[in-house]
Amino acid sequence: MPFAIRKVAVLGAGTMGARIAAHVANAGFPCVLLDIVPPGTPADADKATRNKIVAAGYEAAKKSKPAAFADPAFASLVTIGNFDDDLKLISQCDWVIEAVAENLEIKRSLLKKVEALRKPGAIVTTNTSGLPVASIVEGFSEDFRKVWFGTHFFNPPRYMRLLEIIPTPEADPAAIAAVAHFGDVWLGKGIVNAKDTPNFIGNRIGTFSVLNVMRIMQEMDLSIEDIDALTGSAVGWPKSATFRTIDLVGLDILASVVGNFMRNVKDERSELKLPTFYQTMLGKKQLGDKSKGGFYKKQKGANGEERLGMDWKTGEYRPTARAKFAALEMAKNVEDTGERLKMLLGGDAAKDKAAAFYWASLSDLWTYAANRIPEISDTVVEIDRAMKLGFNWEMGPFELWDAAGVEATVARMKKESRPVAANVEKLLASGKKSWYTENAKTASGKSYFDLRTNDYKPVETAAGVWSVASAKKSNGVVKKNAGASLVDLGDGIACIEFHSKMNSLGGDIVSLITQTLKPGSSGTTLGDNFDGFVMYSDAANFSVGANIMALLLALQEGDWDEVDMAISQFQGMTQAVKFSPKPVVAAPFGMTLGGGCEISLHAAARNPHLELYMGLVEVGVGLLPGGGGCKEMTLRAVDSAAAIRKDGRGESVEMMEAMKKAFETVAMAKVSTSAAEARNLGFLSGSDNIVMNRDRVLTDAKNRALEIVKAGYHAPVMRTDIPAPGESILATLKLGVHLMRQGEFISDHDQKIGNTVANVLCGGAVSPGTLISEQYLLDLEREGFKSLCGEKKTQERIQFTLKTGKPLRN
């Protein structure tokens with residue numbers, strides 16, 4: 001590439017700027033973070049004083065929740081300084097991101113200095129969301145204008161995947177391509193090209209939607225809780241819905257975005273504005289979570305902490321009231337979002353408030369979005385992607401419209417004399433009935449209706465962006481049951497895909513993995529025609545662990561043979577993964593808990609996404625990892641104790657430290673908050689490659705499998721020479737558990753669990769260094785698991801977790 005990005009500078013260490021710098025560091029690149037010298041600071045003041053503002057932003061990023069840095073150690077990649085003393089540092093940078101206050105003169109004054117100091121070929125972009133991008137550098141040199149354009153990040157940058165790129169007429173396409181590539185591959189962003197219009201794409205559609213929802217709420221006399229029930233997961237929008245999301249973001253932040261919308265946007269819905277109750281809340285500094293109260297707040301009551309909700313009509317807080325919509329209760333039984341939407345819209349709007357709300361809000365949204373082409377975007381694809389990536393919608397406006405039925409909804413709009421967008425009339429006049437159609441020949445698996453050509457065009461994706469759904473369409477499914485599928489990825493690699501609810505691991509998944517990897521009585525497997533395998537799916541989570549409902553039913557019926565068989569089969573499945581003659585690459589992402597973590601631990605390699613919440617959490621329900629998880633943690637501890645320095649009792653300092661870490665990880669049910677932290681916890685190895693972009697995980701995992709095959713893979717042999725940590729370390733761990741109980745930090749039941757975990761990890765009360773086998777550790781695991789299953793309090797914990805989704809301390 002003519003533009004290679006190896007070092008980045010961020011100008012402005014506010015909430016957004018500091019977190020952009022943190023995410024650049026997450027990708028492994030050095031970053032310079034600069035801000036102003038505090039006004040009135042003497043020129044001869046020390047560096048700490050002159051860097052007070054930038055240091056505050058940097059420290060805030062280090063302490064932020066959720067974490068801006070994927071690993072605290074990554075903060076060392078960020079160099080801080082101030083504009084007066086350190087702006088020359090940008091001369092070492094390939095990409096300079098301006099993220100200072102939304103003031104034209106401030107930006108232009110700073111950028112004039114940047115123009116003089118930047119190295120030849122360095123790209124300079126702005127994170128503005130309120131100023132026309134091209135106008136900021138009017139009068140600057142032609143060379144500078146060629147590398148100038150907009151890069152609009154969404155907050156928090158690590159977690160919000162949308163990066164809107166706003167080209168200017170003079171920007172060099174190669175410079176834009178370089179930033180798009182860096183943002184995609186290294187920052188994990190979904191790139192959306194936007195036009196230089198107010199609020200670009202995401203905030204333009206999002207602002208309209210939230211203002212319109214508030215308008216409808218007032219007209220229909222709905223409550224804050226009603227709206228959050230209606231605008232959440234029922235239609236594929238985030239669980240935080242409307243007002244909980246505003247509390248998280250901050251009422252003042254939304255007000256700023258809306259202010260820009262109202263000042264600069266002149267369209268058919270320009271009458272929309274923040275309602276009076278919202279303005280009143282701003283005046284009272286009721287800004288959301290940052291001020292300990294917004295649309296919701298918590299306070300201590302007679303029965304402990306209680307949650308209050310805002311009554312928008314009185315401006316007073318009162319106990320939250322559960323929204324009651326029969327349609328939403330029925331919708332919970334419909335798995336597919338598109339089908340659920342059709343059902344919700346199908347109600348009688350005259351009698352069903354939910355149906356009336358959805359029709360009013362969605363029909364307005366569809367018309368508004370369609371009218372924005374070609375103003376803010378040339379295609380429906382960019383609008384849909386912006387809303388999915390920037391607002392975490394499962395489906396964009398046009399995808400929702402397709403699900404509801406374009407032809408039928410337009411007919412209803414006309415019947416009710418609602419406005420109908422000219423663009424949808426154009427679609428229907430062409431004889432087409434949907435914005436998208438399937439296209440198995442493309443990596444995306446679909447085509448979109450192009451309003452410029454009046455015909456369908458393939459939805460293009462960047463090379464390496466791929467999904468299991470697309471692989472199914474192009475290559476086919478080899479075998480499928482209710483919980484899993486074996487999908488041909490081509491080139492001799494297959495994907496074992498989970499598709500149960502939350503990808504919980506039940507008999508169907510265990511069966512398909514075992515049939516694929518472990519030869520049966522005939523000596524053959526489902527995977528005989530493949531050279532390697534990947535474990536991955538398009539779901540939100542890799543796996544939340546074993547299906548504990550099935551376990552609870554067996555326990556309640558006293559069917560111990562069933563319990564023993566289930567554990568044995570699960571262990572057999574994880575061992576099939578480890579000892580498969582063909583390499584298995586696990587590609588974990590999202591929640592990878594319990595059994596999901598155990599599967600990953602046994603794979604030949606792991607290819608995780610950065611956002612990985614991985615842990616052996618079984619102690620939370622009163623159990624221990626029984627699918628080989630304890631065994632694998634012991635092996636990792638033993639192997640990491642490289643120098644076995646024995647004293648008279650056969651102990652090793654290195655072994656003791658490694659076992660303490662393994663014990664704490666399992667007994668405290670530690671869960672990583674990133675793939676980097678998962679590596680620190682011992683769930684990933686140093687050779688496991690972390691993928692920044694979720695859309696690239698499948699391709700990278702397949703390529704990793706091919707590399708292993710090409711290198712000549714030899715399956716491991718079950719070990720029989722493991723030096724047991726033994727009774728001395730076991731006694732030390734049990735002493736620690738005892739002291740925790742004495743201090744009343746844990747319960748009697750916790751103590752029993754901790755002692756059982758320690759016994760399994762140490763290989764029992766055997767002499768230190770006694771050679772034991774993997775099978776021996778598996779047997780210890782199984783017996784320990786069953787002993788805890790027999791505890792009444794364990795069954796109470798399982799029931800509580802199934803009911804509430806939370807662990808019970810009893």
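A cavity is a set of grid points where a 1.4 Å probe fits but cannot get out. In this predicted model, the count by this rule comes to one cavity of 30 Å³ or more. The largest cavity has a volume of about 50 Å³.

The lining of the largest cavity is made up of F208, S209, N212, V213, W237, S361, L362 and L365. By class, five of the lining residues are nonpolar and three are polar, while none is charged. Two helices, α9 (202-220) and α16 (353-371), each contribute at least two residues to this lining. Of the elements involved, α9 provides the largest share, with four residues.

A second region examined was helix α21, which spans residues 468-475. Its buried residues are V468, S470 and A471. Viewed down the axis of α21, these buried residues fall within an arc of 155 degrees, so they line one face of the helix. In general, an α-helix has 3.6 residues a turn, so residues three or four places apart point the same way. The cover over the buried residues of α21 includes two strands, β16 (484-490) and β17 (493-498). Helix α29 (697-710) is also among the elements that cover these buried residues. Just after α21, the backbone at G476 adopts a positive phi of about 95 degrees.

Conventions: Residues are numbered from 1 along each chain as its sequence is written. This is a predicted model: local features need pLDDT of at least 70, side-chain atom pairs count only at pLDDT 80 or more; totals for chains, interfaces and linings use all residues. Side-chain values use heavy atoms; hydrogens and water are left out. On a 1 Å grid over the protein atoms alone, a cavity is a set of points where a 1.4 Å probe fits but cannot get out, and a pocket is an open set with protein on both sides within 12 Å along at least five of seven lines; lining residues have an atom within 4 Å of a point. Grid points are joined across faces, edges and corners, and a volume is the space filled by probe spheres set on the points. Ala, Val, Leu, Ile, Met, Phe, Trp, Tyr, Cys and Pro count as nonpolar, Asp, Glu, Lys and Arg as charged, and the others, Gly among them, as polar. Buried means under 20% relative accessible area, exposed over 50%, partly exposed in between (1.4 Å probe, protein chains only). The arc is that of the directions from the helix axis to the C-beta atoms. Contact means heavy atoms within 4.5 Å.
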